[in-house]
Amino acid sequence: MMTAGLSTANTAESAPSVATNDCATTAISQSIERTDFITPHKPATKAKYYMYLCTAFWCAPCRKEMPNIIAEYEEMKKDNHVEVIVLSFDHHISGALRYLELYDAPFAAVMYNSKQRTQLGVPGDIDCIPYIYVVDANGNFIHRGHASTFQNWRQYTKKD
């Protein structure tokens, strides 16, 4: 497990704002509608569960887990079941975007040290990455732990 410094510098780069057409009906969907994502991808606002993936390009274990999560993503999204949102620990937006582009990652992303993280209801007590939080649509925490535990997503989200 790689330890990440949580005091990454705030970046002067600005993130593009992305609008949504979905109707916000749950705590997480309302948070998503208020969030400015750094990627053009927008998470589904009607998912039953959300997986927040804390990751960074400079983190070798993160780069090891990213292809596995991407490989499972299509299954996760079926029937609006699970949506993945990246919380980037990279030092600059440009680094986070390069990392996601490298893997052709189809996820919405925010910088970890940003107000967007707190809007989404993610606590600030992560001391290592890669890390995941799984929450239901109302923001109730279902699971938290090393990102390698994502493989058990069906168990956490009650998807057979």
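## Close-up views of a predicted model

D104 is exposed, with a relative accessible area of 64%. The legends below describe selected sites in this predicted model.

**View 1. D104, in the loop between α3 and β4.** D104 comes after helix α3 and has a positive phi. The angle is near 50°, in a residue other than glycine. Most residues other than glycine have a negative phi, and most peptide bonds are trans. D104 is classed as exposed because its relative accessible area of 64% is over the 50% cut-off.

**View 2. A105, also placed in the loop between α3 and β4.** A105 counts as buried because its relative accessibility is 6%, and the cut-off for buried is under 20%. Leaving aside neighbours within four places in sequence, A105 is in contact with H41, M66, I70 and L100. L100 is also one of the buried residues of helix α3. The C-alpha atoms of A105 and P67 lie 8.5 Å apart, although 38 residues separate the two in sequence.

**View 3. The buried and exposed faces of helix α3, residues 93-102.** I93, G95, A96, Y99 and L100 are the buried residues of this helix. These residues lie on the same side of α3 because they cover an arc of only 165° around the axis. An α-helix has 3.6 residues a turn, so residues three or four places apart point the same way. The face turned away from the buried side carries the exposed residues R98, E101 and L102. Among the elements that cover the buried residues are strands β2 (49-55), β3 (82-88) and β4 (108-111), together with helix α2 (60-77).

**View 4. D90, a buried residue without a salt bridge.** D90 sits in the loop between β3 and α3. The nearest side chain of opposite charge belongs to R98, 7.8 Å away; R98 is on the face of α3 turned away from the buried side. Side chains of opposite charge can pair when their charged atoms come close. The side chain of D90 instead reaches the backbone nitrogen of F57, at 3.0 Å. Not counting residues up to four places away in sequence, D90 touches T55, A56, F57, W58, G95, A96, Y99 and M111. Of these contacts, G95, A96 and Y99 also belong to the buried residues of α3.

**View 5. The salt bridge between R154 and E72.** The structure holds 2 salt bridges, and this view shows one of them. The side chains of R154 and E72 meet at 3.6 Å, N to O. The pair links distant parts of the chain, with R154 in helix α5 (residues 153-157), E72 in helix α2 and their positions 82 residues apart in sequence. R154 is partly exposed because its relative accessible area is 31%. E72 also counts as partly exposed, at 24% relative accessibility.

**View 6. The salt bridge between E75 and K78.** The closest N and O atoms of this pair are 3.1 Å apart. E75 counts as partly exposed, with 27% relative accessibility. K78 is partly exposed as well, with a relative accessible area of 44%.

**View 7. The largest nonpolar core, with 49 residues.** M51, Y52, L53, F107, I126 and I129 touch the most other members of this core. Strand β2 gives the most to the core, with 6 residues. Y52 is in contact with I28, I85, L87, L120, V122, Y131, I132, Y133 and V135, leaving aside its neighbours within four places in sequence.

**View 8. The cis peptide bond from I129 to P130.** Omega of this bond is near 5°. P130 lies in the loop between β5 (128-129) and β6 (131-136). I129, on the other side of the bond, is among the residues that touch the most other members of the largest nonpolar core.

**View 9. N138, in the loop between β6 and β7 (141-146).** Not counting residues up to four places away in sequence, N138 touches T26, A27 and I28. I28 is also in contact with Y52. The C-alpha atoms of N138 and S29 are separated by 8.4 Å, while the two residues are 109 residues apart along the chain.

Conventions:
Residues are numbered from 1 along each chain as its sequence is written. This is a predicted model: local features need pLDDT of at least 70, side-chain atom pairs count only at pLDDT 80 or more; totals for chains, interfaces and linings use all residues. Side-chain values use heavy atoms; hydrogens and water are left out. Buried means under 20% relative accessible area, exposed over 50%, partly exposed in between (1.4 Å probe, protein chains only). Helices (H or I, at least four residues) and strands (E, at least two) are DSSP runs, numbered from the N terminus. The arc is that of the directions from the helix axis to the C-beta atoms. Contact means heavy atoms within 4.5 Å. Lys and Arg count as positive and Asp and Glu as negative; His and the chain ends are not counted. A salt bridge is a side-chain nitrogen of Lys or Arg within 4 Å of a carboxyl oxygen of Asp or Glu. A polar contact is a pair of N or O atoms within 3.5 Å; within protein, one must be able to donate a hydrogen and the other to accept it, and residues adjacent in sequence count only if both atoms are side-chain atoms. A nonpolar core is a set of buried Ala, Val, Leu, Ile, Met, Phe, Trp, Tyr and Cys residues joined through side-chain atoms within 4.5 Å.
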